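Visitor: I should like a close look at a single part of this model, namely its aromatic rings. Please take me through how they are arranged.

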Amino acid sequence: TPAQDAQWSQFAQVMQQNADNMHAALEQRGAQLNTMNAPQDMQSYSHLAQVHAEDMQHLAAAFQSLYDAMTPAQQQNADNVFRSRAKSRAASHGRPSPG
């Protein structure tokens with residue numbers, strides 16, 4: 001809805017920033033990959049995981065603002081989409097689905 005435009009814009013902006021952050025981290029790793037020893041490779045991979053985790057924290061905060069601005073019907077739809085995705089991921093990894 002028009003009342004949600006600001007939250008959608010912020011969410012999209014965070015998604016774009018996350019993509020830029022990961023691209024930069026992957027570029028850095030790729031530039032050094034051929035000269036890294038095993039511990040450096042492990043540290044580089046750890047850095048990718050850290051970038052991802054930090055970015056997900058930013059995305060979760062932006063999504064919370066968007067979710068709070070949603071109508072109850074939109075929130076219910078979002079909840080169902082996320083639950084469905086979680087069940088699908090769990091099934092593809094051979095784990096029991098939540099719920």
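Is Tyr-67 buried or exposed?

Guide: Tyr-67 is buried in this predicted model. Its relative accessibility is 19%, and the cut-off for buried is under 20%. Tyr-67 shares helix α2, which spans residues 38–69, with Phe-63. These two residues are four positions apart, about one turn of the helix. The ring centres of Phe-63 and Tyr-67 lie 6.1 Å apart, with the planes at 40 degrees, so the pair is tilted. A tilted pair is one whose planes are neither under 30 degrees apart, which would be stacked, nor over 60, which would be edge-to-face.

A further ring pair is found in helix α1, residues 5–32, where Trp-8 and Phe-11 are three residues apart and thus separated by about one helical turn. Their ring centres are 6.3 Å apart and their planes stand at 80 degrees, so this pair is edge-to-face. The two partners may also be described by their accessibility: Trp-8 is partly exposed at 42%, whereas Phe-11 is buried at 13%.

In total, the model has four aromatic pairs. Ring pairs join Trp-8, Phe-11, Phe-63, Tyr-67 and Phe-82 into a cluster. The cluster therefore includes both partners of the edge-to-face pair, Trp-8 and Phe-11, and both partners of the tilted pair, Phe-63 and Tyr-67.

Note on methods
Residues numbered from 1 in each chain as written. Predicted model: local features only at pLDDT ≥ 70, side-chain atom pairs only at ≥ 80, totals over all residues. Heavy atoms only, no water. Phe/Tyr/Trp six-rings, centres within 6.5 Å; stacked < 30°, edge-to-face > 60°. Buried < 20%, exposed > 50% of the residue type's maximum accessible area, 1.4 Å probe, protein only.
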